[in-house]
Amino acid sequence: MTNTNAQVTGHHHAPRMLLHEVAPEVGKAMLSLERAARKGLETSLIELVKIRASQLNRCAFCLDMHTKDARKLGESEERIYLLNAWHEAPGLYTEKEQAALALTEAVTLLPGGVSDEVYDRAAKHFPQQELAQLIAMITTINAWNRIGVTTGLGPGAYSV
């Protein structure tokens, strides 16, 4: 049996919409926000944050994209595979990365807001400007995830 994209992803249809084609100004604005949010953050940290948020939001397109990007940047398979369980594998991630991942989870899920404990943990590892950029990056990937999930983008089409 041949695996088609529909069989692999569970999607039995093409994307519902290619938002960047239907609303190009929105796509341009999102890309501008993405570029602005990246400034001053380590590329490897950005990819970990994007992968973790995408796991939480179940965005297959973004997971495919950002795991490929992370590998291209030299991220280890072990750290990518265990990112979903980073709490149980703290030795694989720096204190700074753990703080960023905790903030990513809090901002993405917003179960009861972002606690002072989570915020203060991140603020301990990131100067205020960098923390602002990190919050913007987490917000941006969450927006991308919501676009990808809502419009039915599936994995496989992205190449680095």
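**Exercise 1. Place A122: which helix holds it, is it buried or exposed, and what does it touch?**

Step 1. A122 is found in helix α8. Keep in mind that this is a predicted model.

Step 2. Now the accessibility. The relative accessible area of A122 is 0%, and the cut-off for buried is under 20%, so A122 is buried.

Step 3. Next, the neighbors. Leaving out residues up to four places away in sequence, A122 touches A99, L103 and L131.

Step 4. One C-alpha distance adds to the picture: A122 and E95 are 27 residues apart along the chain, and their C-alpha atoms are separated by 9.3 Å.

**Exercise 2. Which residues have the most contacts inside the largest nonpolar core, and which helices each supply at least two of its residues?**

Step 1. The largest nonpolar core has 24 residues, and V49, L83, L103, F126 and L134 have the most contacts inside it.

Step 2. Helices α4 (43–57), α7 (95–109), α8 (116–125) and α9 each contribute at least two residues to this core.

Step 3. There is also a second, separate core of 7 residues, with A53, F61, C62 and I141 among them.

Step 4. Zoom in on L103. Not counting residues up to four places away in sequence, L103 touches V114, V118, A122, L131, L134, I135 and I138.

Step 5. For background, nonpolar side chains in soluble globular proteins tend to be buried together.

**Exercise 3. Check the length of α4, then work out how many of its residues are buried and what covers them.**

Step 1. Start with the span. With 15 residues at 1.5 Å a residue, α4 should span 21 Å. The end C-alpha atoms of α4 are 21 Å apart, which agrees.

Step 2. Count the burial: 12 of the 15 residues of α4 are buried, making the helix mostly covered. Polar and charged residues are on that list too, including E47, K50, R52, S54, Q55 and N57.

Step 3. Ask what does the covering. The elements over the buried residues of α4 include α3 (24–38), α5 (60–72), α6 (77–81), α7 and α9.

Step 4. Look at the exit. R58 follows α4 and has a positive phi, near 55°.

**Exercise 4. Do the same for α5: what is its span, which residues are buried, and what do they pack against?**

Step 1. The 13 residues of α5 should span 18 Å at 1.5 Å a residue, and the end C-alpha atoms are indeed 18 Å apart.

Step 2. The buried residues of α5 are F61, C62, D64, M65, H66, T67, D69 and A70. Two of these, F61 and C62, belong to the second core.

Step 3. The packing partners of the buried α5 residues are α4, α6 and α9.

Step 4. Just after α5, G74 has a positive phi of about 100°.

**Exercise 5. How many salt bridges does the structure hold, and where do R52, R71 and K96 find their partners?**

Step 1. The total is 11 salt bridges.

Step 2. R52 pairs with E105 at 2.8 Å, N to O. This pair links distant parts of the chain, with R52 in helix α4 and E105 in helix α7, 53 residues apart. R52 counts as buried at 6% relative accessibility, and E105 also counts as buried at 12%.

Step 3. R71 meets E77 in a salt bridge of 2.6 Å, N to O. Here R71 is partly exposed at 34% relative accessibility, and E77 is partly exposed at 32%.

Step 4. K96 bridges to E130, with the closest N and O atoms 3.1 Å apart. K96 sits in helix α7 and E130 in helix α9, so this pair ties together parts 34 residues apart in sequence. E130 counts as buried, at 15% relative accessibility.

Step 5. Finally, E34, R38, E47 and K50 are linked in a network of salt bridges.

**Exercise 6. Where is T140, and what do its side chain and its neighbors look like?**

Step 1. T140 lies in helix α9 (residues 128–151).

Step 2. With a relative accessible area of 0%, T140 is buried.

Step 3. The T140 side chain reaches the backbone oxygen of A136 at 2.7 Å.

Step 4. Skipping residues up to four places away in sequence, T140 touches M30, L33, E34 and A37. Of these, E34 is part of the salt-bridge network with R38, E47 and K50.

Definitions and conventions. Residues are numbered from 1 along each chain as its sequence is written. This is a predicted model: local features need pLDDT of at least 70, side-chain atom pairs count only at pLDDT 80 or more; totals for chains, interfaces and linings use all residues. Side-chain values use heavy atoms; hydrogens and water are left out. Helices (H or I, at least four residues) and strands (E, at least two) are DSSP runs, numbered from the N terminus. Buried means under 20% relative accessible area, exposed over 50%, partly exposed in between (1.4 Å probe, protein chains only). A polar contact is a pair of N or O atoms within 3.5 Å; within protein, one must be able to donate a hydrogen and the other to accept it, and residues adjacent in sequence count only if both atoms are side-chain atoms. Contact means heavy atoms within 4.5 Å. A nonpolar core is a set of buried Ala, Val, Leu, Ile, Met, Phe, Trp, Tyr and Cys residues joined through side-chain atoms within 4.5 Å. The expected span of a helix is 1.5 Å times one less than its number of residues. A salt bridge is a side-chain nitrogen of Lys or Arg within 4 Å of a carboxyl oxygen of Asp or Glu.
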